[in-house]
Amino acid sequence: MKFAIALYSPAHAPSSRRALLFAQAVLAARHEIVRLFFYQDGVHSASANVVTAQDELDIPAQWRDFVNTHRLDGVVCIAAALRRGVLNEQEAERYSRPSANLSAPWDLSGLGQLHDAVQAADRLICFGGP
Amino acid sequence: MSTLHVLSHSPFADSRLSSCLRVLGHEDAILLCGDAVYALTPATAARQTLDAKADSLQLFILDEDVKARNLTPPDWVRSVDYPGFVELSVQFDKVNTWL
Amino acid sequence: MPHSLLIISRQPPWSGPNAREALDIALAGGAFDLPLGMLFLDDGVLQLLPLQSAAQLQQKDLTANLQALSMFGVEDLFACHTSLVERGMSPNELSVEPIQVLRDHEIAELIDRYDQVITI
């Protein structure tokens, strides 16, 4: 079965970890993830600038590893990301901001990618809130 | 068609659980995770509301959240891990997470 | 057949970007001519109050965008009767129309009809 997974919460929210463990279980059960789409505060879960204490889970790093390892399509909503200060090199340059905090494997793109994922998948599973 | 409704907010200061129960279809189910599992706390209005529906409601809970909070779920509630959560999302036609 | 999507908007209009970001999902889908519906539930019905003044809070006019939904191809709009009554609102005086006001059991049927749901 084909899954689209959408995340609406930052890395420090339990639901970001829950989404990650769900996504891992999806692949372990030999299903497919057609796209991860990070929207609203979910854009912070993709930030390269989150620093966690050594004895705490580094959820953004785990998301990056997960996307890299399985070569998944990881899309961060560009409008939601700009609003929250999550920028890649290109956007940081475009808006003359001092630094970028988003890089590969994440792509910045529009909400059309969420709809495209809904069309391509059998299930849309959203995670957010606490 | 059947819907699995997923809740993660505490029921004590939030209307999601009561709204969800209002619009729940006959074939639908609820999965409580995160702070939503506090709805199973004994001697609370939320627990009483759920217990009163024990005969008709399909209620699932995410095992790790219940154990983390040292809650004891009633017998009629089914506990799932992440592989079980994935299975539920396949078994139901769609998943509606109350963000 | 394209998959249909129901967006359930249950956040009030002036408490941050939630209401607008729910609306943006609908507007983006409408641009692709996808089968979309939008249901206003719980505090989401507060978005439908008439004569709100976004300028007072230096915000963009959400009502104008909601009224434009049909122009963007999102014509299936719904509001929850129970949520309206709870908030002292009249189903006959909503700022967005046409909109169908649904009872609880009709909302269960509505959710059932769509392929996927996003509740913000």
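Begin at the second largest pocket, whose lining is made up of six nonpolar, seven polar and three charged residues. The model on your screen is a predicted one, and every stop on this tour should be read with that in mind. To find this pocket, select A:Tyr8, A:Gln40, A:Asp41, A:Gly129 and C:Asn18, which lie nearest its centre among the 16 residues that line it. Its volume comes to about 270 Å³.

**From the pocket to the interface of chains C and A**

Now show chain C and chain A together, and look at where they touch: 18 residues of chain C are in contact with 17 residues of chain A. The two chains bury about 1400 Å² between them, and carbon and sulfur atoms account for 58% of that area. Select C:His3, C:Glu21 and C:Gln116 next, since these three supply 39% of the area that chain C buries against chain A, more than any other three residues.

Keep C:Glu21 selected and add A:Arg84, because the side chains of these two residues meet in a salt bridge, with N and O 2.9 Å apart. Across the interface of chain C and chain A there are two salt bridges, and twelve residue pairs are found in polar contact, both residues at pLDDT 80 or more. On the side of chain C that touches chain A, the elements giving two or more residues are α1 (18–31) and β5 (116–119) of chain C. Colour α1(C) to see the element that gives the most to this side, with seven residues. Taken by class, the residues on this side of chain C divide into eleven nonpolar, four polar and three charged.

**The interface of chains A and B**

Hide chain C for the moment and bring in chain B, where 19 residues of chain A are in contact with 20 residues of chain B. Chain A and chain B bury about 1500 Å² between them, with 66% of it on carbon and sulfur atoms. On the chain A side, select A:Arg18, A:Arg123 and A:Pro130, the residues that lose the most area to chain B and that together make up 37% of what that side buries.

Which residue of chain A meets B:Glu64 in a salt bridge? Select A:Arg17, whose side chain meets that of B:Glu64 with N and O 2.9 Å apart. The count between chain A and chain B is one salt bridge, while seven residue pairs are in polar contact, both residues at pLDDT 80 or more. The elements of chain A that give two or more residues to the side touching chain B are α1 (14–28) and β5 (123–127), and α1(A) gives the most, with six residues. By class, this side of chain A has 13 nonpolar, three polar and three charged residues.

**A cavity lined by chains A and B**

Stay with these two chains and select A:Ser15, A:Arg18, A:Cys126, A:Phe127, A:Gly128, B:Val6, B:Ser8, B:Cys33 and B:Thr97, which line the second largest cavity. A:Arg18 therefore appears a second time, in this lining. The volume of this cavity is about 40 Å³, and α1 and β5 of chain A each supply at least two residues of its lining. The lining divides into four nonpolar, four polar and one charged residue.

**A cavity lined by chain B**

How many cavities of 30 Å³ or more are there? The count comes to two, and the largest has a volume of about 50 Å³. To see its lining, select B:Leu7, B:His9, B:Ser10, B:Pro11, B:Asp14, B:Arg16, B:Leu17, B:Leu32, B:Ala36 and B:Ala39, which divide into six nonpolar, two polar and two charged residues.

**The largest pocket, and a link between chains B and C**

Show chain C again for the last stop, the largest pocket, which has a volume of about 390 Å³. Of the 18 residues that line this pocket, B:Leu24, B:Gly25, B:His26, B:Glu27 and C:Ala108 are the closest to its centre. Both α1 (16–22) of chain B and α4 (104–113) of chain C supply at least two residues of the lining, and α4(C) gives the most, with five residues. By class, the lining has six nonpolar, five polar and seven charged residues.

Finally, select B:Arg22 and C:Asp42, which form a salt bridge with their closest N and O atoms 3.5 Å apart. This pair crosses between chains, from helix α1 of chain B to the loop between β2 (36–40) and α2 (62–67) of chain C. Over all chains, the count comes to 17 salt bridges.

Terms used: Residues numbered from 1 in each chain as written. Chains lettered and ligands numbered in written order. Predicted model: local features only at pLDDT ≥ 70, side-chain atom pairs only at ≥ 80, totals over all residues. Heavy atoms only, no water. 1 Å grid on protein atoms, 1.4 Å probe; cavity = no way out; pocket = protein on both sides within 12 Å on 5 of 7 lines; lining within 4 Å. Points joined across faces, edges and corners; volume = space filled by probe spheres on them. Helix = DSSP H or I, 4+ residues; strand = E, 2+ residues; numbered from the N terminus. Nonpolar A, V, L, I, M, F, W, Y, C, P; charged D, E, K, R; others polar. Contact = heavy atoms within 4.5 Å. Buried area = accessible area lost by both parts, 1.4 Å probe. Salt bridge = Lys/Arg side-chain N within 4 Å of Asp/Glu carboxyl O. Polar contact = N/O pair within 3.5 Å; in protein donor to acceptor, adjacent residues only side chain to side chain.
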